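Thanks for making time this morning. I would like to walk you through one model, going from its packing to its empty spaces and then to its charged pairs.

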Amino acid sequence: MYFKSLTLSGFKSFGKSTVFEFPSRITSVVGPNGSGKSNVVEAIRWVLGEQSIKSLRGKKGEDLIFNGSDKAARLGKAEVKLIFDNSKKQFPYEFDEVIISRRVIRDGTNEYLLNGSQVRLKDIFQLLSTVGFGSTQHHIISQGEVDRILWASPRDRQEMIEEALGLKEYHLKKRDAERKLGETENNLRQIDAQVRELRPHLKYLATQAEKMKATEEYRRDLQEKARLWAAREHGALAEINKDASSERDPLEDELREKSVRIKELAGEIARAEKSFSGLEIKDAVKEKLTELDERRRALERELGRIEGLLAAGAGSKDSEVSVKMIAGELRDTLSFVKEIADKDSFETLKSGINDIKVRLEKLLKLSVGERDAAADLALEKKKQEMSSELREIERTVTELRTQREETGAVREDTLRELREREHEIRTEERELESIRTKLRTLDFAGEKYKIRHTELANFMRDLKIEENALPQAEPFVGDTDRAQLLRQIERLRIKLEEAGGIDISIVKEYEDTKSRDEFLTNELRDINEAASQLKTLMRELDQKLHEKFSEGLKSINEEFLALFRSVFGGGKAKLAYVAPAVSETGEIVEGGIEIELDIPRKRLRSLDMLSGGERALTSVALLFAMSAVNPPPFLVLDETDAALDEANSQRYGDLLEQLAKKTQLIIVTHNRHTMQRAGILYGVTMSGDGISRVISLKLEEAKEFAKEG
Ligand code: ATP
């Protein structure tokens, strides 16, 4: 058997632990009113997960626990245990027994156990759905609820049928998928919102990071160019330095030599000038000569006169000579007068005139022949003195002339030499000046070199370039390359300054944000993937549901029609699926299962028109049809036969027997026709202590037992 046993411990009136075993296809529970039979049915519903305490005739969970009586103490806990034989693995479960238990404790604790392990209600439902049980519990018909399926809304009816067809499982899966999809979509929205929130910031950070990358490139470029520039400049300066000293040294030597030479020349010139001015002083010789010349001429004239006088004395007898002499004297006197006449000096004129007077007196004497011997003697003496003076003058003049000639030659030589030296010194000075100019140019270059050197040092300091980090490079030649490269470097420096410093925290933030974005994007992709998988699953489940539902509905309809006909001796019965729709007034009309009936000889317009018995029979026929198509592990029927008359009770009994071939039946009944079909009969009694007790009965006993109430 499939449904093996049911144990009630402290559940409602079952104050003592009671076990029902179900070794037969049909088990009847009989007993007087109020003995606790319905409590058994409720126990089954409860253990299978019933959530409505109200439907179990209670207000709260506590009401399900044996409440005690005058003679028995109330209990703290109610437990119901249901055991299925699973040796045929009707449940997709490895164990040979499936034991479902439910407990409630007075404090309200409610728990489910599956083979002793605590599980969730959901797990119980999931397990039960695999065998066609579900929350509608269409397989448990409580007292007075036989026609529940007829009263139910098309929608609820559809749910019952779906459950009966074992489609609940798909519904649960679908709902699960739906829930997951909901969560997933929620997740998706949240992550999407996060991504949306992150993106602008990320974009901002990306541009910052991009800028920084560019800055870093500028920096690298700058370093490279700066190093190159420094290296080339360094080389250029080294070369300039080398050239400068090789140029300067000989120039300085030359300068020194020239200076010395110029000094020498200056000395020489000074000396020459000095000796030249010395020669100038000796020009007094010229004056002396003139003076001597004049004296000589005066002496010669005097001498001539004296000689004339003397000659006149000796030759006084010769008148002709005397005339000659007188003429000569006159000529002399005349030329003297001419000479004197040219003189400006009064003194000279005075002495001249005096001379002329003497001459003229002498001439007079001569002409008269007067002679003085003593005078002749004096004249002779004077003549000799004058001759010697003349000789002396001649000698001095000769001497002076020689001296003068010599001095002139020396003077010329000196002058020439002076000129030469002066020329030389000018040449030297010119050359010296040109050397100085060259040296000044070199000095200027040196200054320039120094400036460049300082500039280079500053440049390297500013750009933090170590000298040993300089690359090998061609030295700058000229200024074009140097200036051009420097301009490029300046431009890079400006760019870098404009870009500002690198904020490492921004780079870090960018990387973090980026990986967060990547993570979220991946999440989004995964979640989208999951969502689309869920949607696919839901579509597949829908498809399956649709197929199984229409197939199942068809089979149920076949069974239903056959059962209905056998019960009503003909007619028609059909379940029709009505799809949800929108009415003319715009309301949504729920779809579901409608029941279409045609009872022989009657014209039915609605289910309401059925009699109680007809409703019971129709319901039972439908229930049985449903159970026949997909047999549940068991069916519980609590007095579903109450409204049936003798004939229909008989038919009902027949139906039960047919159905029992497919599923186990647990039937609470007062009806003896029903009892007759049972393989096992349990009698429930309640004595004075308010505790329900169970005994196994024989059919005859059972008939009596049922009447006792
Ligand atoms: P009928 O044949 O009239 O339908 P029944 O055999 O189905 O009767 P039940 O309705 O199952 O009887 O039993 C009801 C009995 O259970 C009542 O006597 C009620 O006092 C008792 N009962 C219900 N709840 C509790 C509880 N928590 N503790 C003790 N007894 C309880």
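Ile161, if we set aside residues up to four places away in sequence, touches Phe549, Leu553, Ile556, Leu575, Ile593 and Met626. Please keep in mind throughout that this is a predicted model. Ile161 belongs to the largest nonpolar core, which has 56 residues, and together with Phe560, Leu575 and Phe624 it is among those that touch the most other members. The largest share of this core comes from helix H11, residues 504-568, which contributes 10 residues. Apart from that core lies another one, of 46 residues, including Leu8, Phe14, Phe84 and Val98. As general background, nonpolar side chains in soluble globular proteins tend to be buried together.

Let me turn to the empty space. How many cavities of 30 Å³ or more are there? The count comes to 1, and the space in the largest cavity is about 70 Å³. Its lining is made up of His138, Ile141, Glu145, Val146, Arg148, Ile149, Met160, Ser619 and Leu623, which by class gives 5 nonpolar, 2 polar and 2 charged residues. Helix H3, residues 148-151, and helix H12, residues 612-629, each supply at least two residues of that lining.

The largest pocket has a volume of about 560 Å³, and 33 residues line it, with Glu42, Arg45, Ser55, Arg57 and Ser142 lying nearest its centre. Sorted by class, the lining of this pocket has 6 nonpolar, 16 polar and 11 charged residues. Helix H1, residues 37-47, provides the largest share of the pocket lining, namely 6 residues.

Now to the charged pairs, of which the structure holds 59 that count as salt bridges. One of them joins the side chains of Asp176 and Lys122, with an N to O distance of 4.0 Å. Why is this pair of interest for the chain as a whole? Asp176 lies in helix H5, residues 168-281, while Lys122 lies in helix H2, residues 121-129, so the salt bridge ties together parts that are 54 residues apart in sequence. Lys122 counts as partly exposed, because its relative accessibility is 38%.

Asp176 also forms a salt bridge with Lys180, where the closest N and O atoms are 3.6 Å apart. In this case both residues lie in helix H5, 4 residues apart, which is about one turn of the helix. Lys180 has a relative accessible area of 38%, and is therefore partly exposed.

Further along helix H5, Arg261 and Glu264 are 3 residues apart, again about one turn, and their side chains meet in a salt bridge at 2.9 Å, N to O. Arg261 is partly exposed at 23% relative accessibility, and Glu264 is partly exposed as well, at 40%. Returning to the earlier pairs, salt bridges that share partners join Lys122, Asp176, Arg179, Lys180 and Glu183 into one network.

One last residue deserves a mention: is Arg232, which sits in helix H5, buried or exposed? Arg232 counts as buried, because its relative accessibility of 16% falls under the 20% cut-off. Leaving aside neighbours within four places in sequence, Arg232 is in contact with Ala473, Glu474, Pro475, Phe476 and Asp481.

How values were computed. Residues numbered from 1 in each chain as written. Predicted model: local features only at pLDDT ≥ 70, side-chain atom pairs only at ≥ 80, totals over all residues. Heavy atoms only, no water. Buried < 20%, exposed > 50% of the residue type's maximum accessible area, 1.4 Å probe, protein only. Core = buried A, V, L, I, M, F, W, Y, C linked by side-chain atoms within 4.5 Å. Contact = heavy atoms within 4.5 Å. 1 Å grid on protein atoms, 1.4 Å probe; cavity = no way out; pocket = protein on both sides within 12 Å on 5 of 7 lines; lining within 4 Å. Points joined across faces, edges and corners; volume = space filled by probe spheres on them. Nonpolar A, V, L, I, M, F, W, Y, C, P; charged D, E, K, R; others polar.
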